[in-house]
Amino acid sequence: MPETFDEATTLKRRTFVAASTAVAGLPLLTSDRLPASASTPTPADQLSTVRLTVNGEQRTAQVDNRTSLLDLLREHLDLPGTKKGCDQGACGACTVLVDDRRVNSCLILAVMAQDANVTTIEGLARGRGEQLHPLQQAFIDHDGLQCGYCTPGQVMSGVACIAEGHTGSRAEIREWMSGNLCRCGAYTNIVSAIEQTAKEA
Amino acid sequence: MATPVVGQRLSRVDARRKVTGAATYSAEHRVEGLLYGVIVNGTVARGTVSRISVDAALGHPGVLHILTDFGSLRLAHPVDRIAFYGQPIAVVVAETLEAATHGASLVEATYEQQAAVTDLDAPGIPSQTPADEPDYSRGDPAGALASAQVKVDLELTSARENHNPIELPSTIARWQGGQLTLWDKTQWSQGAARTVAGALGIAVGDVRVHNEFVGGGFGSGIQTYDHVRLAAFAAREVGKPVKVVLTRRQFYYGAGFRPASRHRIALGSSTAGRVNALAYDVRIENARYQSYTDGLTDLPQFLYGVPNTRTAYRVTPVDVHSPCSMRGPGVVLGNFALETAMDQLAHELAVDPVELRLRNEPTQDEVNRIPFSTRKLRECYETGARRFGWSRRHAEPGSRTDGDLLIGMGMATASYHNNRRDCSARARMHADGTAEVFAASADMGPGTTTSVMQVAADALGLPASAVTFRLGDSSYPTAPLHAAATTMASVGSAAHTTCNALRAEFIRRAVADPNSPLHGANPADVRVRDGRLETSGARDSYRDILRRAGLPSLDITGNWGPGDADSKISTYGYGAVFAEVSVDPLLGLVRVRRIFAAYDVGRVISPKLAHSQAIGGMVGGIGMALLEGTVTDHRDGRIVNASLADYLVPVNADDPDLDAAFINTEDPQADPIGVKGLGEITIVGVAPAIGNAVFNATGKRLTDLPIRPEALL
């Protein structure tokens with residue numbers, strides 16, 4: 001029986017019992033050792049050059065045609081503030097503004113954003129990031145966040161929700177913010193942040 | 001005396017970084033020469049891989065390597081055969097994420113398939129008594145049940161649940177010589193370092209794990225799953241840094257889950273509402289390769305003063321991957337059974353549910369026969385009922401309406417053991433009068449970075465702005481896993497103890513230093529505030545002491561541990577949760593209208609963040625009560641709803657305004673800062689309170705979670 005390293009698989013009253021893990025060290029399959037690390041080059045017709053404005057700045061990137069706007073931001077433009085939570089348009093963590101409309105950036109190919117004007121969480125504060133957008137400050141004040149991972153999407157979605165005028169009541173805010181999941185459960189405080197910011201806008 | 005920093009309604013110290021996108025999560029670290037790894041998952045639940053074809057994938061532009069031989073690795077499950085659907089069979093490494101993803105889709109495997117069973121209710125599958133969960137009994141439960149004047153006997157079930165934090169499991173692995181650095185989404189950096197070292201057969205000292213920001217966990221980041229080990233393995237094999245981020249679909253196979261459960265609970269009571277018998281049998285799904293148990297029997301044994309009690313815990317091993325802890329592990333489901341049965345008993349006795357619980361308050365911990373440290377449960381009931389408006393509840397089910405809707409109120413007790421573990425911390429005072437405190441803890445959302453800072457600031461006599469608590473690095477002093485509501489008591493107490501020692505060291509140096517205005521003073525007379533060390537007549541400061549000593553900083557490392565306190569006192573958090581629901585009788589739709597909970601969790605360090613955690617747990621409880629359930633196709637073991645579109649979690653519109661209050665108290669016997677854990681208890685009473693409210697609205701006793709509309713039609 002090999003020593004176990006899978007500690008604390010169970011968290012119970014007064015005791016954290018390590019599970020024992022019996023593992024045979026036999027190979028699943030024997031594969032060839034790694035080939036030299038050279039890959040087939042990507043054919044030119046599968047690459048595109050995308051020009052777009054991100055946070056007021058002209059950006060150009062050569063991307064694989066399959067690249068989503070989300071992956072363009074996170075993996076190519078060094079803007080990881082926009083989050084990937086599902087890559088399927090179900091969680092809203094990747095919400096950005098494209099030409100002032102909120103979109104799930106995981107559902108848009110980067111090539112579809114040609115000439116678009118994209119605003120991400122990194123571009124929301126004014127004065128080189130010094131002056132927070134009122135909704136960012138309201139999220140801090142109302143504690144509309146816990147782990148923070150859904151927060152950029154919530155904030156971007158909230159900015160659009162206010163601009164759309166969907167803030168007539170807390171119920172209306174809830175409805176129009178329901179594309180952004182928060183698993184920590186900060187919804188009550190998110191609604192308060194948006195409600196206050198909309199009132200003061 | 002300066003205003004204590006503990007108890008102040010501070011905003012979280014990292015909030016600005018989180019709302020501006022400047023908080024860097026595991027997958028987002030910039031690492032030169034990074035490659036992308038994508039895991040290929042097997043598509044049978046039991047068998048072996050007979051052939052795996054990688055040629056098409058290797059020919060795909062951008063694909064560099066495909067790893068299929070994990071034989072040198074130690075994984076949590078067997079590596080020589082397939083033990084569950086979705087088990088990794090290959091890792092495709094490519095120059096881009098797109099190429100790796102596409103390449104992974106081109107890997108083809110054939111299997112020697114064996115008959116698999118993934119359903120814990122399948123006939124003929126034997127259940128087992130886990131070694132760490134022997135049957136429990138006190139008194140004569142069978143006799144007391146048989147002779148009870150009033151009996152309740154319920155069977156209950158719950159579906160499997162997946163944690164689904166919004167951040168996906170993510171790992172970047174980089175080797176430099178024999179040194180491995182991981183940026184990993186883990187709730188326990190030092191556990192991850194040990195597990196990966198063991199998996200790869202290297203020294204734990206050669207692994208360093210960073211996890212400064214953790215995008216939710218709820219238990220899914222405690223264990224170090226395949227993707228972490230495979231990222232480290234792949235990076236070593238290909239000689240370059242590799243990033244592996246699971247897809248949302250892969251999350252359902254790549255991390256554990258809250259196991260599906262089956263319960264039977266019987267209560268025997270006098271007509272006066274004195275419960276004198278309790279029998280509880282519970283069974284959960286398990287993997288075949290690893291035993292998993294959690295706190296299911298805890299509250300049925302402990303919560304009420306029932307003299308005749310027995311519990312029996314069983315597991316049913318099937319061909320699935322292993323469950324793991326999910327918020328309120330086990331305890332929340334054991335409590336669902338117990339509190340549903342108590343509500344039914346109250347109904348049958350025609351006693352108010354709160355009153356029934358008050359009649360069964362124990363005077364000591366009946367399981368261990370030791371006194372409670374603090375148990376302010378009566379205050380929780382009183383505060384919760386008053387602020388919720390419990391007196392407006394109609395005792396007769398189905399008797400209150402709002403238009404076409406049926407309205408109901410329900411309540412449940414909550415409790416969770418106050419887990420504390422040994423923890424170390426290092427405190428460092430800098431020459432500019434600011435301080436840092438270090439421990440290898442994590443902050444997946446409760447606000448540890450803020451709350452431990454608050455404790456440290458008071459111990460050092462510094463304002464909040466002068467103190468930083470640093471976590472998220474396995475090289476920091478040893479801290480327990482960030483789970484099981486352990487962190488505040490353990491890490492907070494270590495910070496408190498260590499900062500007290502650092503403050504004392506400065507006082508010692510000052511009174512011994514002929515050049516200090518405090519020279520010769522009695523150390524006990526020296527007070528520290530705003531970084532100044534003062535007696536009634538003289539004053540020194542951290543800055544001046546360091547300047548005179550010519551030191552850029554002064555460090556001290558300290559430890560705290562609970563010792564054997566748990567053998568002498570019973571320390572638990574408590575709560576009372578009140579819910580109001582509406583039920584549309586035509587559609588079967590349940591909507592939660594309000595939840596209010598009152599908690600005794602000892603001293604509250606950071607009230608603003610504690611409130612967020614309390615209401616956040618309610619959202620998890622709403623999901624558990626009404627929405628969440630993982631569906632397996634038992635023909636092949638595939639999970640049918642492995643996405644956030646099909647696995648329903650509460651959205652904003654599913655939740656009303658939620659609120660909670662804390663009983664003003666502290667538990668000095670539990671730990672030096674008087675706290676009891678908060679993270680887990682916040683979910684423990686929610687689902688039963690909602691279920692009981694549905695009963696009050698409709699008269700239907702629903703015992704299967706989640707409560708879906710079809711159950712009410």
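The lining of the largest pocket in this predicted model divides into 24 nonpolar, 13 polar and 13 charged residues. The space inside this pocket comes to about 950 Å³. A total of 50 residues line the pocket, and those closest to its centre are Asp87(A), Val38(B), Thr101(B), Thr247(B) and Gln250(B).

Both chains take part in this lining. From chain A, helix H1 (69-76) supplies at least two residues. From chain B, the elements that each supply at least two are strand S1 (35-41), helix H3 (97-106), strand S5 (108-113), strand S11 (242-245) and helix H7 (248-254). Which element gives the most to the lining of the largest pocket? That is S1(B), with six residues.

**Closed spaces**

Turning from the pocket to the cavities, the count comes to nine of 30 Å³ or more. About 570 Å³ is the volume of the largest cavity. Its lining is made of 39 residues, and nearest the centre lie Pro446(B), Ala485(B), Gln613(B), Leu678(B) and Gly679(B). Three helices of chain B give two or more residues each to this lining, namely H12 (448-460), H13 (487-512) and H15 (607-626).

The second largest cavity holds about 210 Å³ of space. Its lining counts 20 residues, with Phe84(B), Tyr225(B), Asp226(B), Tyr253(B) and Gly254(B) nearest the centre. Here the elements of chain B that give two or more residues are S1, helix H6 (226-238) and H7. The most comes from H7(B), with three residues. Two of these elements are already familiar, since S1 and H7 of chain B also supply residues to the lining of the largest pocket.

The table sets out the linings of the three spaces by class.

| Space | Nonpolar | Polar | Charged |
|---|---|---|---|
| Largest pocket | 24 residues | 13 residues | 13 residues |
| Largest cavity | 20 residues | 15 residues | four residues |
| Second largest cavity | nine residues | 10 residues | one residue |

**Where the chains meet**

Now to the contact between the two chains. Chain B brings 120 residues to it, and chain A brings 88 residues. Between them the chains bury about 8,300 Å², and 53% of that area is on carbon and sulfur atoms. Which three residues supply more than any other three of the area that chain B buries against chain A? They are Val19(B), Ile166(B) and Asn652(B), which together supply 10% of it.

**Chain A on its own**

Chain A has five helices and five strands. Along the sequence they follow the pattern β-β-α-β-β-β-α-α-α-α. The chain has 201 residues, of which 55% count as buried. Among contacts in chain A with a separation of 6 or more, 48% are between residues 24 or more positions apart.

**Backbone details and a buried serine**

A few single residues deserve a look as well. Most residues other than glycine have a negative phi, and most peptide bonds are trans. Against that background, three places in the model stand out nicely.

In chain A, Asp115(A) has a positive phi, near 65°, and is not a glycine. Asp115(A) sits in the loop between strand S4 (101-104) and strand S5 (117-119) of chain A. Is Asp115(A) buried or exposed? Asp115(A) counts as exposed because its relative accessibility is 64%, and the cut-off for exposed is over 50%.

In chain B, Arg369(B) likewise has a positive phi, about 50°, without being a glycine. This arginine is found in the loop between helix H10 (353-359) and helix H11 (377-388) of chain B. With a relative accessibility of 59%, Arg369(B) is therefore also classed as exposed.

The third place is a peptide bond: Leu705(B) and Pro706(B) are joined in cis, with omega about 0°. Pro706(B) belongs to the segment after strand S29 (704-705) of chain B.

Finally, there is Ser570(B), in the loop between strand S23 (553-560) and strand S24 (572-584) of chain B. Ser570(B) has a relative accessible area of 0%, so it is buried. What does the side chain of Ser570(B) make a polar contact with? Its partner is the side chain of Asp365(B), at 2.8 Å.

Methods:
Residues numbered from 1 in each chain as written. Chains lettered and ligands numbered in written order. Predicted model: local features only at pLDDT ≥ 70, side-chain atom pairs only at ≥ 80, totals over all residues. Heavy atoms only, no water. 1 Å grid on protein atoms, 1.4 Å probe; cavity = no way out; pocket = protein on both sides within 12 Å on 5 of 7 lines; lining within 4 Å. Points joined across faces, edges and corners; volume = space filled by probe spheres on them. Helix = DSSP H or I, 4+ residues; strand = E, 2+ residues; numbered from the N terminus. Nonpolar A, V, L, I, M, F, W, Y, C, P; charged D, E, K, R; others polar. Buried < 20%, exposed > 50% of the residue type's maximum accessible area, 1.4 Å probe, protein only. Polar contact = N/O pair within 3.5 Å; in protein donor to acceptor, adjacent residues only side chain to side chain. Contact = heavy atoms within 4.5 Å. Buried area = accessible area lost by both parts, 1.4 Å probe.
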